[in-house]
Every structure is written in C-alpha cells, then in structure tokens.
Amino acid sequence: MHHPDLTPGVMTGLAWYFLLASVLNAAAAAYIAYMELVSEGASRVGLAPKTRKLPNWLVGAFFALYGLAVLVILGRDLLPNATLIAYSLCALANVVVALTAGADAAHFAEAHDAGHGRGSEVHGPSLDDHQPAIGLGKPMNRTLWTLIWAIIAVMFQAMGITYALGGAAILPQFIRDGVDAVSGPTTFFVFSTIAFILMLMFRKIVSNGIVAWAGVNAVLVLFGLSMTDWDFRDIVTKPDNVPIVGMIILVGYFTWLSLRRAYINDSRMALGLPNLEEMEPEKTLTWPDLVYTELICMVALTIFLVVWGIALQAPLEQPASSTVAPNPSKAPWYFLGLQEMLVYFDPWMAGVVLPGLIIVGLMAIPYIDTNKAGNGYYTISQRKFAYITFQYGFLILWVVLIVLGTFLRGPNWNFFGPYEYWDLHKVIPLNNVNLSEIVWLQVLGLAKPENILKRESPGFLVVLAYFLLVPPLLAKIPMFKKMIAQGGWLRYFVLAGLILFMASLPIKMVLRWTLNLKYIIAIPEYFFNI
Amino acid sequence: MAKRPSVKEILELARKGGAAQPSGGSAEEVPAEESAPEPAAAMEAAPAPAADVPTPSSLGRPLTLKEKLAAARAGGAGAPPAAAKPAAAAPPVTEEAGAEAPAEAPRAVPAPAAPLGRPMTLKEKLAAARSGGGGAAPAAGAKPAAGAAKPAAKPAAAAGAKAAPRALPPLEKITDPKDLAEAARQTAAKKEKEVAAKLAEATPPKAKAASKEVKPSTVLPKPGRATPGATAAATTAPVSRRRQFFKAAAEVCLSWLFIAWATFAAGCAIFTAMMGRFMFPNVLAEPPSTIKIGLPSNFDPEDVNERFKAEWGFWVVRSTRYNGQDIIYALQSVCTHLGCPPNWLAGEQKFKCPCHGSGFYISGINFEGPAPRPLERFKVTVADDGQIIVDKSQKFQQELGQWSDTDSYIQA
C-alpha cells in the first residue's frame, strides 16, 4: 500500500515548523550577540559594563512584522494569499533578526578589540566577553557562533519557504531504507545503551551549551524531514503518541540540565570552590512567592490541557471485547516499558515481581545508600554509582522502552523501523527455545528427561549461580568493597539482589536476541518460567 | 502589600539585636515576663556581633544556610552578654509567636516547657497537675536538667551568684533566670507542704491512699470508679463483691461508649452477611457452556474456522499437523501468556497474539514470543444427531499430556 509522502496540509505544517526552527536559531544568534553571557557560578566582579546592546529598532521591527502577520491572517477574507503573505512577513522578521545579530556581533568584536564601545570606552575584560562556567572550557567566540546560528536560522527559513511555495523536499528514500534496515530491537537497545555511556563519558562536551544547541538543531531537522514520511508521520501524530514526543523533549532537557549543573559543580568542588546550590540558596517564602508561582502554573497547565483536549481528540477505540483485541494492543504509554518486559518474561515476573521490586527498591534507597554526598546539589563524581544505576534504570530501562513500545512496535508486536509500513502480515521468524532444549537436545544430544526438576536442572543451576555467585564476585570490586566497609554486608546483599533483578531484564533481552532463548527455567506445567 | 522582611533581613535584625535577644537562642532561655520593663537599655548596652561571625559583606556572597545558623547560634550562645542578660530585660520576642512567655513565674508549669527544650510529656503534665494544682514543682525540677543540657547557654557570670539559700527579691523584680527558678522552687516546696498538711488534716490515712488514685481524666467519668477504695475498705464480704461486679458490668454495658461500639460491630456484621449473600444471586444469567457447531463434514481439512471466536471464544480446527491424524479440535482463543485473544493469520498459518507477539502453530503449539505453553483445547464430543458439541467447561492442556484424551478431539 502506498501513501503519499507529502500532502498540502503536511507542507503547510512543515513550513510553519521550519519557521519555528528558524526563529529559535535567530533568537539563539541574538542571544549570543547581545546578551550577557555569564554562565552559572561565574563571577562578574571587576568586569566593566558591557557595550553590547540589543537595538531597540530590532525588537520593534521583529514584533511589528509578527503583529502585521497576525493582522493579515485575521483579514484573510479580504486579502488573497493572506497566509503566504503572513508567512513571508514572519520569515522576514526571522531573517532580519538573524542577519542583524550576525552583523552586530562582528561589529562588537571589532569595537571591543579597538577598546571603544558605544558611548563609553571600555578596556580590558568586560561583560562583553563570554564568562564560561568553571570546568566547561574556554570562552566561546561570540562572533563565530552568532554567525553560525544566524546562518542556520536563514537555512531553516529557506526550507520553510520552500515548503510554503510548494517545493516538495522529502527525506531521501535510501536514508529511510537504511534506517529501517539497521533498526531492530537489538540495535535500538544497544545503541541507546552506548549513547548513554557516551553521554556520561563525555559529559564535559555534552554539558556545553553550544553542543547542546547543535543537538537540538540536529533533532529539529531530522524530525522535520522525517515528517515527510507517511509512516513516521502516522505514528508520531497519533493522539496517543503525542505525549511521548513531548516526554522525549522534557526528559532530554531535564537530563541535560542536571548533567550540566552536576558537571559544573564537580569541577568547582574539585577546585575547592562552593557548588552552585551553595552560592545561590534557592530559598523563598512559601507565602506569597511559592503559592503564587504554583497558582500561576496551575492555571497555565489547566489552560494547556483544555486546549490540548480540544485540539486532539481522545483516542478511543472500538468497544471492549473479550474475544477481539486491537492489533497491536498497547498498554497506556507509561506502562509500555512493562509491556516490553512482558515480551521477555512470564506475567508473574514482568507484571508482579519486577514492578514490585522497582517500587520496593526505590523505597529502599534511603536505607541502602550510605553516601551522604550530593545532598542538596547536583553531582555525578561524588555519587557515580547511584547516578549511573538510577539513570540507566530510568532512561534506558524505562523511557527508552516506552519509546520502543510506542513508536517501534507494530501489529502482532513485531518490530518496525521508524519509516516502515505497519504491515499486518510482516513475518519475523522468532523460533524461541528454552534452555533445557538447548542443553539436552542440542548440546548433549539426549532426549529431554521426564522429571521436571531434572529437565530444568540447567536452568536452576544458572539462576542459582546468578544469585549466589555473582554477589560475592561483585564484592571483590573495589567500589563495592568500600560500600561494604561503610554500610555492612546486609546492605550490600540487598543492593546486590536489587541490582541483579534490574540487570536480569537487559540480560534476558540480549539472550533472546542472540540465542533465541525463551526461558531459562521453563515449567509451564506449574506456570513457573524465568 | 507591605514589604515583608526577607529571611536575610530577619537574620540581620536578629544578629544586630541578637546580642540582647537572639532569635536562635531565645528558645533556650527562660521565658521572659510579658510585663517586662523597657529593654532599650539592655539593647544599647549590647556589643556588636562577634567579629568571627561571617556576614554577606565580608564573604562577597550570600550566606549559606549553615553559616546563617552558625551565626545565629554564635550570636545567641557565644556572646557573653546575651547569656548573662537579665531575663526581665529581654524584649518580648515579636517574631516568634511560639515562644509564649507565661505571665507569672509560679505558673510556668504548663508552658511548652521552654527550659526543657521540648514539649512536656504526658507524664510530666500529669505530674505537674498532681503536685498541687498549678504548683511550680516540675518547672523547678526541670530547670537543673535544662541547665545541665545546655551549659553553654548558662553564663559564667551568673555562676558566682549561685549561693544556695539566699534572699530573693520580690517576684516582680526578679531579673536573673536563676533567681526565677529558685523562686519557683521555693514556692513549689511551700505549696507542696501546704497540700500535704491539708491532706493530712482532711482525710484519714486509709482514704488518703485511695485518694491518690484519683487522676485527672480526659475520658468519660465512670460513676463508681472514683471511690472504689473507700467502699472496698468499708465492706469486705464476698457477696457484696460479686454484687459489685455485676453492678459494674451492668454499668459498663449501659455506657454510651459500649452501646456505640456494639452497634457499630453489629452493623459491620450485618453488612458482611449481606455482602456474602450478594455473592450468591438468585438468578445467574450465565451462557450455556455447551454449543452444537454442526457436522464434522462441515469443516474443511487444514482449516481454522473462526465463526465461533467472536461469541464463544474458540476456533474449530481440522488439521493433521499435531500427530499426523486428521482430527477436529476446539482451541480456546486466549493466549497462554497474558490472556489476550490472538489472531489467526492464514497467510503465515499461525495464531499471533497482538499484545506481546506470541505465536502458535495451527496445532496450537507455541513456537515464538513469550507464551510458555500451547493454547488450550475445549472438550469436543459427537452428539446423537452426528453434530459436534463443544463443552467449554472442560479444558485440555498439552503440557499436562491431556491432548491424548479422546474427549479433546474427534476423528474427522
């Protein structure tokens, strides 16, 4: 079945989407050109006042053009091509801001080097310079990065105008085929894990604002181009799945923010400086400050939810039936991680034991954790183990699985690439075998023993070894040795048990993908399968 | 809205005036009299805060909470004038409504026990109440403990004036906390003696013992409970004791508390019984568990008949795939993993579950996905008229070896 990649509606949407991307980059360029760039914790003591000033005419022109565009749209009955005119006005505003910022940045740099600003003379270090946070490296070249974001803003705007004028730029088919070909549960999960490790290893680079903004731009352009694909669009814009798109943005932003603050704090504390939270104790009065803030948030969120509820209809399906299930049948989005676990485990394990252990384990953290560092401030290096364990469990084993279950699981719970058509009849051979079959039939070449316990003895051995041998082995690692010395053996064994249960999910996933292993212990007679 | 003092300003104020009455230290001090004389003199006499206390201006950054607390503590406990200052000269603490100052020294008992540094326990309150109606004994008794617990708060200067029995100024003019405590102690001792004397006068020795049992009670007064000792002392015969027991039992049974609880328990019991009855309805509209599905010849070889899935929840399958024989069987359309209804995919010749991807052959044997065991068969029999009857009340599971049962299939 073939669906059109582009429709007029989609192209209009993409035009405005790239307009938004352009205005974001124009704003970034203007921010770097005109604003004070004093990063978190950097001191402004002894710095001369800045010469960079946001020109009033630029602000006026920007809002005037956008206001004019709104007026044109309101009067669309009188004007032919009103939408296109309004779009052009907005685009003009974006380009003006981007180009002015670029030109002014170059001018400021010259003026600064010459030692005179507008009106007053400024020598030496001033607020014009970028004051980077400690640990994040040298100050950036403001002129260069203003120009880069300005150029990107113009490029995005050009793409937007292309769509607005009917140019059908689509994501090349070979890229889509390539992505579909390499994507699968294995690659997706492994790639996510590697990305997580890289993010932690290179957190200095990731924390950098320029790198982060470049990432945002990459996501913007990829997402925009992907929307030209019918299958991708169909899945992403389902009312069910829109919150997940929002969740990815929110989780990404807050993960990055905490990572950045943690990295700055770690660098500061390594130099013996107070951390950011110590420097700016965020204490306010409950009444009126906090209560007012909460009230405003409450009202804004209510309005947002009402608008959302009107704009995107509730994704109701056919009446419930005990004999017919929608295909694919998906849990509520927040449970899709659990549903993905159910692919690898028995219901009692994936639906009861593991979720129960997640809750119990989270509750047990205060009793297990003897590390008093990190109380009231962001840090990674002082709480490496806690940070990595929690973030792996949350980001990879929960959020990434939700994304997998939402966007990449199709009919019959088969895996589909992001640009792949959800074919009801897609066949993926998944002949799974139990460990007992591998051991008795394939390795030993014998028949499976009749006795259940004897038949499943390899599985029991593996599971017992996993839970009894791994903790003592782990205890030899210096990090855990220290933990035992601080907290004692009881704490350590509780921790080890929880970690082993947590690790059982990725281990089982890898075994399923590599060995087609269904169950390590398989006693369907008594519904006991692990 | 009037400008509120920020936390910083409050602390700044406390630090300035804190030499006389630091807010942090005030909780540790003896409650000041409300009608205290003008404290201005004491405040003026107070020296500046200790030099080692950090201020925002000296650090060039806002103080952390820890530093603020340390500063407050230093201003309160460390500075000698603060501790040595007369209690009466202390200004009433306006910022802290919680630190209520009792008006008179002897009535210091029921206050939230500032000298103890914690609220009074129930036992202490009772003791206070018992020791002669508003006597100051507990306060006096508690004072030394507080003094021991917070030695830093007690000034060295006051130690010199600690001569044990000494003449005290009149109550209104007492300024030193020590004097105040001493006064309280003396008053309490006096009161205690008076009470003891009164008791000795008023009651004979035996009744006195009984009267000691009388405690101020917050629960319902129980008639007859207040003077059991006296009556018991008067009558000792076993008959009257039994009568007394019945009388007490009757009184208990007739008390409102008992009636209320009994009614509640009875209500619960009745409700439980009704719930139990609800579980066994008079009419049970369950569909019949057996259905006639037609003649065996109606079913094509190697075919899955889906006519009965929507309403009855099973497929009728005729296949040779299970054991080579051409048999007809009814497979329940419920996945053995988590109970979703799988779909029959004729193209791939398999049942496929939409929930977690379990797959089953036409025989019902599981081969992919998480399903741990094959689909289940319903009982099938041939009726007298030659039609097949499917009985959903009986199931056959392959992993238990039940598929060899002749009730689980019929020969085509």
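**Exercise 1. Determine how many contacts beyond four places in sequence the predicted model has for residues 76-115 of chain B, and place this stretch in the confidence of the chain.**

Solution. In this predicted model, residues 76-115 of chain B keep a pLDDT under 50, and the model has 116 contacts for them beyond four places in sequence. For chain B as a whole, the mean pLDDT is 68, with 51% of the residues at 70 or more. Residues 18-54 of chain B also have a pLDDT below 50, and this stretch has 97 contacts beyond near neighbours in sequence. For the complex, the predictor reports an ipTM of 0.77 and a pTM of 0.67.

**Exercise 2. State where Phe308(B) lies, and explain why Phe308(B) counts as partly exposed.**

Solution. Begin with the location: Phe308(B) sits in the loop that runs between strand 2 (303-305) and helix 15 (309-312) of chain B. Next, consider the neighbours. A residue is buried at 20 or more C-beta neighbours within 10 Å and exposed at 12 or fewer. Phe308(B) has 17 C-beta neighbours inside 10 Å and therefore counts as partly exposed. Then turn to the contacts: apart from neighbours within four places in sequence, Phe308(B) touches Ile293(B), Phe314(B) and Val316(B). Finally, Ile291(B) is 17 residues from Phe308(B) in sequence, and their C-alpha atoms are 9.8 Å apart.

**Exercise 3. Describe the sheet of chain B that has the strand order 5-6-7-8.**

Solution. The sheet is open, has four strands and shows antiparallel pairing. Its edges are strand 5 (343-345) and strand 8 (366-368) of chain B, each of which pairs on one side only. On average, neighbouring strands of this sheet are turned by 35° against each other, direction ignored. For a closer view, take strand 7 (residues 359-361) of chain B, which runs antiparallel to strand 8 of chain B and is joined to that strand by two bridges. Within strand 8 of chain B, Asn366(B) is the bridge partner of Phe360(B).

**Exercise 4. Characterise chain A and the side of chain A that touches chain B.**

Solution. Chain A contains 20 helices and two strands. Of its 530 residues, 28% are buried. Among the contacts in chain A with a separation of 6 or more, 74% join residues 24 or more positions apart. Proceeding to the interface, 34 residues of chain A are in contact with 32 residues of chain B. On the side of chain A, helix 11 (276-279) and helix 13 (336-342) are the elements that give two or more residues. By class, this side has 19 nonpolar, 11 polar and four charged residues.

Conventions
Residues are numbered from 1 along each chain as its sequence is written. Chains are lettered from A and ligands numbered from 1 in the order in which they are written. This is a predicted model: local features need pLDDT of at least 70, side-chain atom pairs count only at pLDDT 80 or more; totals for chains, interfaces and linings use all residues. Two residues are in contact if their C-beta atoms, placed from the backbone, lie within 7 Å. Two strands pair if DSSP finds at least two bridges between them. Axes are lines fitted to C-alpha atoms, for helices over the stretch in contact, and angles run from 0 to 180 degrees between N-to-C directions. Ala, Val, Leu, Ile, Met, Phe, Trp, Tyr, Cys and Pro count as nonpolar, Asp, Glu, Lys and Arg as charged, and the others, Gly among them, as polar. pLDDT is the predictor's confidence in each residue, from 0 to 100.
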